[in-house]
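Visitor: I would like to go through the labels used for this chain and hear what stands behind each one. Please set the value against the cut-off every time.

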Amino acid sequence: MSNTEPRSILEKFYEQQTTDAMMKNIQDTGYCYLRLIPMSHLIMICAPGNTGKTAFAIHASAEMVRAGFEVMYINADASAPDLKFYHNHAMANGYRLIAPDLNNLSSEGVVKILEEMAKSNEDFNYLVIVIDTIKKFVDVIGKNKVKGFLKTLRALTAKGVTVICLGHTNKHQDNAGKLVFEGTGDIRNDVDELYYLVSEKIDGGLRVSTDMDKCRAEVKDITFTINGKDRIIQIIPYEDIKLKKALSDQLAKDQPMINFIKKSLMIKERSPTELEAVAKTMGNGFTRRNIDKVLRAYSSGDAPLWIATKAPKNGLIYSLISAEASAHLQSCEV
């Protein structure tokens, strides 16, 4: 092999080097709605049933129309009575509602039209397609079928289409308490963005926050409320509902030990070692390690349950917060 041969092979790559002219044709990422729906991306929004997916999606559809986008909402997951509401909402807000079941259009027929669009020479910039829900059009558990369907949707994004798929989550969360999308792992691999809607009940409806799982654009989480009666969405300051739930669950788990510590500290201030000795006397099974963990967890933050001070020699001594100290902390928060 001559000395020049490796160079000639590498030149095949050199010919593909990016240029300034190429970069001029690439636009910075735009957004269809807030900093949540990037243009020409394939986006998956997942949530458990009855937690606001469709209410949020039709709200976003209306907002995207007002921003100058053409929106086609394909709804194959609504009952006939609900479709009346969605039809009226679409007519009032300027997006197109496609209800395959009402038009005797099968899911296969919808997929065929999408495939024809993907193969056409048309430019679909500023078109948004919402698919509600993905499992109505493809077997989300079938690896080969999912890959083929996502390939079609990916081809649409190459033509300028923004594709938003709504999906469900599994009944059970993972070991970390996180929601898990329903379907094969190819869904997460092949989409640009995947995020969950995490909700909590409030008077008259739901409070919902997004929880980003995967993102290729610079997206930003939001929180919104849903009025249960007329499904009106209102964007409010962001709140990490997932973290709030995790803390609430941990508090419930720690409550028996919290009660034990509080009762013990009412008598006098104690060190972790002293609390361990009391626990052994009571036979409640609380270990030194867990006692120390709970003591540290609830001795700081906005609403500590007790105060930690340095012991005369080594370690920490814990005591309950006085009424005066508690009132002072609350005034500081305000």
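Visitor: Which residue follows H3, and what is the sign of its phi?
Guide: Gly68 follows H3, and its phi is positive, near 105°. This is a predicted model, in which local features need pLDDT of at least 70 and side-chain atom pairs count only at pLDDT 80 or more, while totals for chains, interfaces and linings use all residues. Residues are numbered from 1 along each chain as its sequence is written, and side-chain values use heavy atoms, with hydrogens and water left out.

Visitor: Why is the length of H3 said to agree with expectation?
Guide: H3 is a helix of 14 residues, 53-66. Helices are DSSP runs of H or I with at least four residues, strands are runs of E with at least two, and both are numbered from the N terminus. The expected span is 1.5 Å times one less than the number of residues. For H3 that gives 20 Å, and the end C-alpha atoms are 20 Å apart, so the two agree.

Visitor: What makes H3 "mostly covered"?
Guide: Of its 14 residues, 11 are buried, meaning under 20% relative accessible area (exposed is over 50%, partly exposed in between; 1.4 Å probe, protein chains only). Lys53, Phe56, His59 and Met64 are among them.

Visitor: How does the span of H5 compare with the expected one?
Guide: H5 (residues 107-119) reaches 19 Å from its first C-alpha to its last, close to the 18 Å expected for 13 residues.

Visitor: Why is Ala118 of H5 called buried?
Guide: Its relative accessible area is 14%; the limit is 20%, so Ala118 falls under it. Gly109, Val110, Val111, Leu114 and Met117 are also buried residues of H5.

Visitor: What covers the buried residues of H5, and which residues touch Ala118?
Guide: The cover includes strands E4 (70-75) and E6 (127-132) and helix H6 (143-158). Leaving aside neighbours within four places in sequence, Ala118 is in contact (heavy atoms within 4.5 Å) with Thr152, Ala155, Leu156 and Lys159.

Visitor: What is the relation between H8 and H9, and what makes it so?
Guide: H8 (residues 241-267) packs on H9 (residues 272-282) at about 110°, with the axes 11 Å apart. Axes are lines fitted to C-alpha atoms, for helices over the stretch in contact, and angles run from 0 to 180 degrees between N-to-C directions. Under 35 degrees counts as roughly parallel, over 145 as roughly antiparallel, 65 to 115 as roughly perpendicular and the rest as oblique. H8 is therefore roughly perpendicular to H9.

Visitor: Which residues of H8 and H9 meet?
Guide: Phe260, Ile261, Ser264 and Leu265 of H8 meet Leu275, Val278, Ala279 and Met282 of H9.

Visitor: Leu265 or Tyr318 may be far off in sequence, but how many Å separate their C-alpha atoms?
Guide: They are 53 residues apart in sequence and 7.5 Å apart in space. Leu265, with a relative accessible area of 5%, is buried, and Tyr318 is one of its contacts.

Visitor: How many disulfides are there, and how do you know?
Guide: The structure holds 0; a disulfide is a pair of cysteine sulfur atoms within 2.5 Å. For Cys32 the nearest cysteine sulfur, that of Cys165, is 14 Å away. The sulfur of Cys215 is 14 Å from its closest counterpart, in Cys46, so it is too far for a bond.

Visitor: Buried or exposed: where do Cys32 and Cys215 fall?
Guide: Cys32, at 4%, is buried. Cys215, at 41%, is partly exposed.
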